[in-house]
Amino acid sequence: MQQQSPYRPITLITPTASMAPDVHGGRAKCLQRLIRLDMPVPPTVALSFDQVLEIAKGRLPDMGDILKHFVDGMLLSIRPSSQDPDWGGPGAILNIGMNAEKHAALCERIGEGPATRLFLHFVQSYAVHVHRLDPEFFEFPDQSDAEALESALAAYEDETDEPFPADPAVQLAEALQSMARAWDGTSARLLREAKGAPADAGLGLVVQAMVMALGDGECGAGRIQYVDSDTGQPQITGRYVPQSQRRRALMDDERAKYLTKDPRGPSLEEAAPDVFGQLVALGDVCRRKLREEMMVEFTVESGVLWVLDAVRVPRASRAAVHIAVALANDKIIPREEAVMRIQPTALTEMLHRRVDPNAPRDLVVKGIAASPGAASGTLVFSAQDAQACAARGEPCVLLRRETTPEDIRGMHAAQAVLTMRGGVTSHAAVIGRGLGLPCVVGASALTINSKRRTVKVPDGRTLVEGDIVTVDGTSGQVFLGEVDTLEASLDESFQTLLSWADDVRDIAVRVNADTPLEAQMARNFAAEGIGLCRTEHMFFEGDRLGVMREMIFVDNAEDRRAVLDRLLPMQRADFAALFDIMAGLPVCIRLFDPPLHEFLPTERSGLRDLAAQLNLSQTEVQERVAALSEHNPMLGMRGVRLGIAVPEIYEMQAEAIFEATVDIYQKGATVVPEIMIPVVSAMREVELVKSRIDAIAAQVSTTRDHKFTYKLGVMVETPRAALRAEDIAKHAEFLSFGTNDLTQMTYGLSRDDAGRFMSSYVQQGVYAEDPFHTLDVEGVGELLAIGAERGRKGRPKITLSLCGEHGGTRDAIRFCREQGFNYVSCSPFRVPVARLSAAQLTLEDRLGTHNLREKYPLTT
């Protein structure tokens, strides 16, 4: 026998009524909490999700079952009650029950003018929002209120072929059905799904007795909140409009009063100090009992306060963090709940400058949001021009078809980067996130003319070098001109929240950092070491690129060593700086990875300059460049393959690492460097490189008369490395899964080209998400699981980690925890997000998601 539900489809909200947010919606449940706190809430009836769904299908309940809870002749309002307030809902409809008889009674009570305006507004609202009639048919700006009312009633009858309904039951039924069907509309559904609502999210409705807020004595409507929406700091804000029900127009109504005493104009505190005092007290009750900062909607009728609704204060990310921390510090909520309340993405907004949502803007193109933040600057088309702008102190935006390692100095100089090609793991995206540089990639609708230094945008306009643009790396949008931005907002509450997160999380978070600047950022964000240092980026600094190119053109090992000896002290200084900044924390250094051709110029002017530098003919340079070119360089001579074919590079890097290690030891610090071999696919590759690195370590130890330890590991980027992890682990102390390339090789997709069709694939359900953005747990994840299991067979205490760009995402952290990984590593600005995500996942596991929500229930 099926158990009967304790919830009724139509419920009078009382302190003991059976109600739940997932049955009646958040607004209905919050009103019950207000009633339980003895707040003056008008009589209110809640309709459940199931009941509203039936209404949308045309199966209406008996209106008498709703109206019986209200005094005859009482005007009513209807408002939506979705499970999550952020999901929105149809607009409220006020003054249900208004008709000629009620109009006459109100004329006696509050005067003909206010009563007529009330009736007119109701007819207009009913026609437009219930029957979806054209608003223009009900606007009569040149008529008096009485004339406009007659015209509106006539227009309604003309448009619907029936007189305006006088029966409150008919008005109520039609309004309920209109709101129920509006929730199921395509636009409404897409809008709430974009805010995280499930496709089958339900809507409840609340029917509430209207408090007139019109008449003798102090009457009006208002809204009050007790903290600032931007900062979360205590501050009473809001407005109060005398003789008005129209709360939506509070901010624009010229009659609006301030709430607190203000030299700019009259206030509610002065007009009705007792009411104001009650409102202040209500805020404290809400904070302590509802465990949240609330915004209260209220009305005053003849000096009597009524509370119509209370919702969570709308808040920016900075305010959300401050509020959660303040509630925990005041012992209103536990610290664990403060950690659970903050969406990790909120921290991303706090870490970066962002476009002011209220600023005017001129959109020119939309691409893929690759690195968050916003910046404006003059448009430039080359790294050299970006550097020239930086030298002049002029902010610029670097536009490229796609970036290469040769563009790194230009990226350092630019305020933002925009590329035609690429995805979220492309070169521009990875470097942008590492530098905290706003970046939009995959803007394939652009047409670049490099010779003329122009770019054609989708609407046909042509931008030229020197035009000012604004790049919003958070949304993937690019605007013409300088758009107002809001600064990053890190404060004590931010640091406090993350320290609480660190107290509970059970997986370490390292950083991907290639430079001292990035390493220092990582320390500031409390990363627990460097999980990936990409050494190739160091070769583009200063004069190193020229030395690197000279080495590429050398024909024999002896001469290569001679050239690399000039790079050795530079590399040693790089590593020493990283070791010094990380102050004893682990530093994992990936040996040289990219193919050599990436260090060579591709444009004619660059080839001419290189020929002059090397004292070679341009033909010789072109022939060498052609000899190094590959059909598919990402699968060609790179990583360990290059390290075996040209061993002098790895030998120089190993020597620099070990000498830097000794230098740091002699300063009194301790460091255990971790050396990682990239693009491994066979055990023998590891054996060969390991034997050479061990020999270099012994040589440095003897030469410098100092013993040190180090760890050697493998970056698992090829499917074969994951499958053969048991053999590989016998020669490696750690396995770090590089999911950027592993995803690329598993799917057979170029991460730089996938952006052209990926959105179509996701929309058509081929892939649930972009696998370069969200870890593919089913496919790539299975390779990770196999690699972890087999790696432990080869070496039971092996260290496992994930160091791809996925490392900062919640899904990847969840997967790594389930697989028993030791740490994840991500770009510097993702470290705080990863720390918070890891803590929340730990808390969910400890209590279970269901129990967690019971222990820390949603408060609105």
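This passage describes a helix pair and a set of salt bridges in a predicted model.

In the predicted model, helix α22, spanning residues 604–614, packs against helix α23, spanning residues 618–628, with axes that come within 9 Å and cross at roughly 115°. At this angle α22 is roughly perpendicular to α23, and the crossing of the two helices is right-handed. On the α22 side the contact is made by R604, L607, R608, L610 and A611, while α23 contributes Q618, V621, Q622 and V625. Taken by residue class, the contact between α22 and α23 comprises five nonpolar, two polar and two charged residues.

Across the whole structure, a search finds 47 salt bridges. One of the pairs is formed by D330 and R287, whose closest N and O atoms are 3.0 Å apart. This pair links distant parts of the chain, since D330 lies in the loop between α12 (317–329) and α13 (335–341), whereas R287 belongs to helix α11 (residues 273–290), the two being 43 residues apart. The partners also fall into separate accessibility classes: D330, with a relative accessible area of 44%, is partly exposed, whereas R287, at 17% relative accessibility, counts as buried because the limit for burial is set at under 20%.

A further salt bridge joins R461 to D362, with the closest N and O atoms 2.8 Å apart. Here, too, distant parts of the chain are linked, and both residues are located in loops: R461 in the loop between β18 (454–456) and β19 (462–464), and D362 in the loop between β10 (354–355) and β11 (363–366), with 99 residues separating the partners. R461 is partly exposed at 29% relative accessibility, and D362 is likewise partly exposed, with a relative accessibility of 29%.

R724 and D727 form another salt bridge, in which the closest N and O atoms are 2.3 Å apart. Within this pair, R724 counts as partly exposed at 38% relative accessibility, whereas D727, with a relative accessible area of 19%, is buried. Apart from these individual pairs, salt bridges that share partners join R291, E292, R312, R315, E337 and R341 into one network.

How values were computed:
Residues numbered from 1 in each chain as written. Predicted model: local features only at pLDDT ≥ 70, side-chain atom pairs only at ≥ 80, totals over all residues. Heavy atoms only, no water. Axes fitted to C-alpha atoms, helices over the stretch in contact; angles between N-to-C directions. Helix = DSSP H or I, 4+ residues; strand = E, 2+ residues; numbered from the N terminus. Parallel < 35°, antiparallel > 145°, perpendicular 65-115°, else oblique. Left-handed = near helix turned anticlockwise from the far one by under 90°. Contact = heavy atoms within 4.5 Å. Nonpolar A, V, L, I, M, F, W, Y, C, P; charged D, E, K, R; others polar. Salt bridge = Lys/Arg side-chain N within 4 Å of Asp/Glu carboxyl O. Buried < 20%, exposed > 50% of the residue type's maximum accessible area, 1.4 Å probe, protein only.
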